[in-house]
Amino acid sequence: MRRGNVSTLPLILFSILFIGSVVLFFGISAISPPEPPNVIVIVKTVNPAIAFWQVVLEGVQAAAKEFDLAVTIDGPFDEIDVEGQIQIVEKAIQKRPAAIVLGATDYYRLAPSVEKAHREGIQVITFDSDVNSTLPLCFVATDNVEAGRKAGKAMIELAGDSSSLIILSHVKGTSTAIDRERGVREVFEQLNSHALKGVYYCDNFFDKAYQITQEILTAYPWVDGIIALNEVSTVGAIQAIRDLKLKRKVFLVGFDHSMDEIKAIDDGILDATVVQKPFNMGYIALQKVKEVLSGAEIERYIDTGSVLITRESMYYPENQKILFPFASKKGVE
Amino acid sequence: MAITYTLLMVTTLLVVFFISFRVTEEAVKANSRQYAKQLLGSVAYTVNTYIDSMDGLATFLATNKDIFDYFTRRHPESEKQALRKRIQENLSTVLKNRKDVSLISLIGLEGKILFHEESLELNSFVKVEKQGWYQAALQSAGKAVFSSSHVQNLVRHRYPWVVSLSKLLVDETQGRPIAVLLVDLNYHLIEDLCTNVSLGKRGYVFIVDSVGNLVFHPRQQVVYSGLKKEPIEKILALEAFEFEVNDREGMKLYSMVPLHKAGWKVIAVSYPEELGVDRRWLGRVYTAWGILFLGLTILFSFIVSLRIAKPIKLLRDTIKVVEQGNFDIQVKIERSDEIGELGKDFNIMVQKIKELLQLIIEEQQNKRKSELKALQAQINPHFLYNTLDSVIWMAEDKQHQQVIEMVAALAKLFRISISGGREIISIGEEVEHVRQYLIIQKMRYKDKLDYEIRVPPELFPYRTVKIILQPLVENAIYHGIKHSSAKGEIIVDGRLKDGKIELLVKDNGVGMSPEVLAKLKEIPYGKNFDKKGGVGIHNVDERIKLYFGKEYGIDFFSKEGEGTEVRIRLPALLREEG
């Protein structure tokens, strides 16, 4: 060892080590205990009366606990409030979460917001309803075209392909409405059936769905059946048929499974309903967030599946778990 | 040196940290297992309490006489209505006090159905005889049967999740089954109980029934969709267990408690790594401390190297220089500790060595001088001249015999004095040498000189410096006897005394005055005293001291007019040394 090194080397080493240790030590206290990553979940509606989204959020919460994610939930009160949801997304971007999970109220208008989030380095996953962009890392949803096909086939079995039918949809432009309608139409087109007479939109308002159904059934008594494409339109149609005392005279095939719909099946008003798996949707979306954040490659699209429920199949044990989620127990009695 | 030291410290440190990390980890793991076990025990206990209380209620109702009357006896319609009302009042009272039970129902085998409240309306769509709980009750002859969790759709517009107890009521007098009793347990009691269990961040509790259906699972839908799997088969196969499953969700610990009455199993799933302390966090804390200590260790070893190893290295380098013969070097370690002392001592030592070396060099030079002097002593030209003069004189007188004796003695004398160039010879040889010398002198001085050699033969093998007796005898003759009027007598003696040898040369000559004696003794070592006789004596003394040490040498004892005694002290050495 040279004489020059002896005096300077330990000094340099000590300085490095001292600074390193201090940084490490305070770093440790700062990181302990490790903070879970922030995830903002933006749904189409936070209205507690909409069972579907409440169950989605049950799945979100279950996954948040299991995968150790700090989840914040937000969304407009009404599904039609696209502008409101855009602002919520903008606000969420400013909070700089690790990821945003979005159920888009509009396929086209939410796309710029998603692109902005992506530019800010936020991971975006969509669920239930996608946006017109290739940027979301994953889209977790029911295969809505397939779900539409199931509804269409169920209606043909009930009313036959030469009947007169209408579609009661929710919000024009939203991807679920587009895809489900396409699924229904595919079934009729394959059979060269001209049973479909029209499509109406209730804008996801119960009152509007009720009103439309009542007006149609009053004005056009020849209508044999209604295919309602989501929970709100189905419940509106149920109420209208019940009030008009048209039970078992007009066939009704709906979507989802609120308590009102289940009662209506028991009462014979609702003949069949295509049930999605909202719990799984929320759960898987968050599972994918976890995978993305830990650096895994994930699939672009995940189908959570759907099941057609009829009066006969509703109490099968496997369907009970889907139809009567524990979440809705409070609304049961 | 510094590197070895650092490596040793680092290795020790790493081992210590690794061991304590493992110990902490194991302790946390054991703790979490214990915790999960306790929690599971309490959950199982509570669920069992619900089951027991349902069972108790069913047993209680099974003995109700009104119920038997209602379903067996033929009564007029009005009486039947009264009986029905009484049963319902009875059941309502029971239910009011029991929040855990949501529905009590009696289903007569002939089809009569009775709820605990008259206002409840039968779901017209339901076929009672096809319900699982109904069929199970019929098959198990009076024993209470517990269903898995399910939606109870018996009452119109009510869809509660329940766990059902069903029991076939038998009329004991006729041994005939009469009705099925249904008691529904509010499922959300179990749900709340199991959901509120806190087993770390991700741990949970679930319940399976005897055939593997999930009675409760916090992610029931996810499990039924096949997105999450539980080792149901393994759970069913084992009676009570604890096992670990390691999959992509990480390490999971399954522990189970069976509920015998219902045939269920309560299972707790915990993630040992997240209970108590986060393993990664623990690892980071240990790493941070490890790095800190490592740094200190490296620093410390540098200091040690600087303060101890460095001066030692300097010392070693200096020693190398000294080894090569440079004794003028001095180390400069200005420290007051042990290292400084070592440096000082080293410097002193080098100085001492230097001085001793100087002394040795001087002694060697003196030895060489003394050898030269011994050589000088061997060939005293005066003696040779006088002796040869005597020989001539005797030859002229034709005393052939004496000539032969004298020349022979002279020859022996010189042979011994040369003695193959050795400086050390045996006392025997030395005595022989002086004997030859005295023979020659006796022949010269005749009646004026007498001599006697009394050295005992046992002293002969011992060693001595050569030519020490002859110069003393020569002195005795020339300075003692020659000036004495009386007949001179010389005695050469020897003895072994206190492990030392003493040789004596005594004469009865003129002796020395105390002043002369004192002057003789004063002469410093190595210096010549007087050109005549003194040379011999001092040469002898000097040579003895050089070869055997200062404690040996010559002593004089003399009295004026009485003679002189010279004592030579020598070590008793048998073999030549040095």
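Two strands are taken to pair if DSSP finds at least two bridges between them, and the views below, all drawn from a predicted model, use the term in that sense.

**View 1. Strand S5 of chain A and the strands that pair with it.** In the parallel sense, strand S5 (residues 138-141) of chain A pairs over 3 bridges with strand S11 (residues 301-303) of chain A, and within this pairing A:Phe139 stands opposite A:Tyr301 in S11(A). Strand S4 (residues 123-127) of chain A is likewise joined to S5(A) by 3 bridges, the two running parallel, and here A:Thr126 stands opposite A:Phe139 in S5(A). The side chains of A:Cys138 and A:Val140 point one way from S5(A), those of A:Phe139 and A:Ala141 point the other way, and all of these residues are buried.

**View 2. Helix H4 of chain A and the elements packed against its buried residues.** In helix H4 (residues 111-119) of chain A the buried residues are A:Ala111, A:Ser113, A:Val114 and A:Ala117. Because these residues fall within an arc of 160 degrees when seen down the axis of H4(A), they line one face of the helix. They pack against helix H3 (82-94), strand S3 (99-102) and S4 of chain A. Just after H4(A), A:Gly121 takes a positive phi of about 85 degrees.

**View 3. The open sheet of 6 strands in chain A.** The strands follow the order S7-S6-S8-S9-S10-S12, and their pairing is mixed. Strand S7 (196-201) and strand S12 (306-310) of chain A are the edge strands, each of which pairs on one side only. From one strand to the next, the twist averages 15 degrees. Strand S6 (residues 165-169) of chain A pairs with S7(A) in the parallel sense over 5 bridges, and A:Ile167 stands opposite A:Val199 in S7(A). Helix H8 (residues 231-243) of chain A packs on the sheet, where it touches S6, strand S8 (225-228) and strand S9 (251-255) of chain A, and its direction makes about 155 degrees with that of S9(A).

**View 4. Chain A as the setting of the preceding views.** Chain A holds 11 helices and 12 strands, and 56% of its 333 residues count as buried. Among the contacts in chain A with a separation of 6 or more, 73% are accounted for by residues 24 or more positions apart. The chain exposes about 14,100 Å², of which carbon and sulfur atoms supply 55%.

**View 5. The surroundings of B:Ser426 in strand S11 of chain B.** B:Ser426 lies in strand S11 (residues 424-426) of chain B and has a relative accessible area of 12%, so it is buried, the limit for that term being under 20%. Leaving aside residues up to four places away in sequence, B:Ser426 touches B:Phe460, B:Pro461, B:Tyr462, B:Arg463 and B:Thr464.

**View 6. The largest nonpolar core, of 81 residues, and another core apart from it.** The members that touch the most other members of the largest nonpolar core are A:Phe324, B:Ile104, B:Leu106, B:Ile190, B:Ile207 and B:Trp264. Helix H1 (residues 2-62) of chain B gives the most to this core, with 13 residues. B:Ile190, not counting residues up to four places away in sequence, touches B:Tyr50, B:Val163, B:Leu185, B:Ile207, B:Phe216 and B:Trp264. Apart from this core lies another, of 51 residues, including B:Ala409, B:Val455, B:Tyr478 and B:Phe548.

Notes: Residues are numbered from 1 along each chain as its sequence is written. Chains are lettered from A and ligands numbered from 1 in the order in which they are written. This is a predicted model: local features need pLDDT of at least 70, side-chain atom pairs count only at pLDDT 80 or more; totals for chains, interfaces and linings use all residues. Side-chain values use heavy atoms; hydrogens and water are left out. Buried means under 20% relative accessible area, exposed over 50%, partly exposed in between (1.4 Å probe, protein chains only). Helices (H or I, at least four residues) and strands (E, at least two) are DSSP runs, numbered from the N terminus. The arc is that of the directions from the helix axis to the C-beta atoms. Contact means heavy atoms within 4.5 Å. Axes are lines fitted to C-alpha atoms, for helices over the stretch in contact, and angles run from 0 to 180 degrees between N-to-C directions. Accessible areas come from the Shrake-Rupley method with a 1.4 Å probe; for residues, only the protein chains shown count as cover. A nonpolar core is a set of buried Ala, Val, Leu, Ile, Met, Phe, Trp, Tyr and Cys residues joined through side-chain atoms within 4.5 Å.
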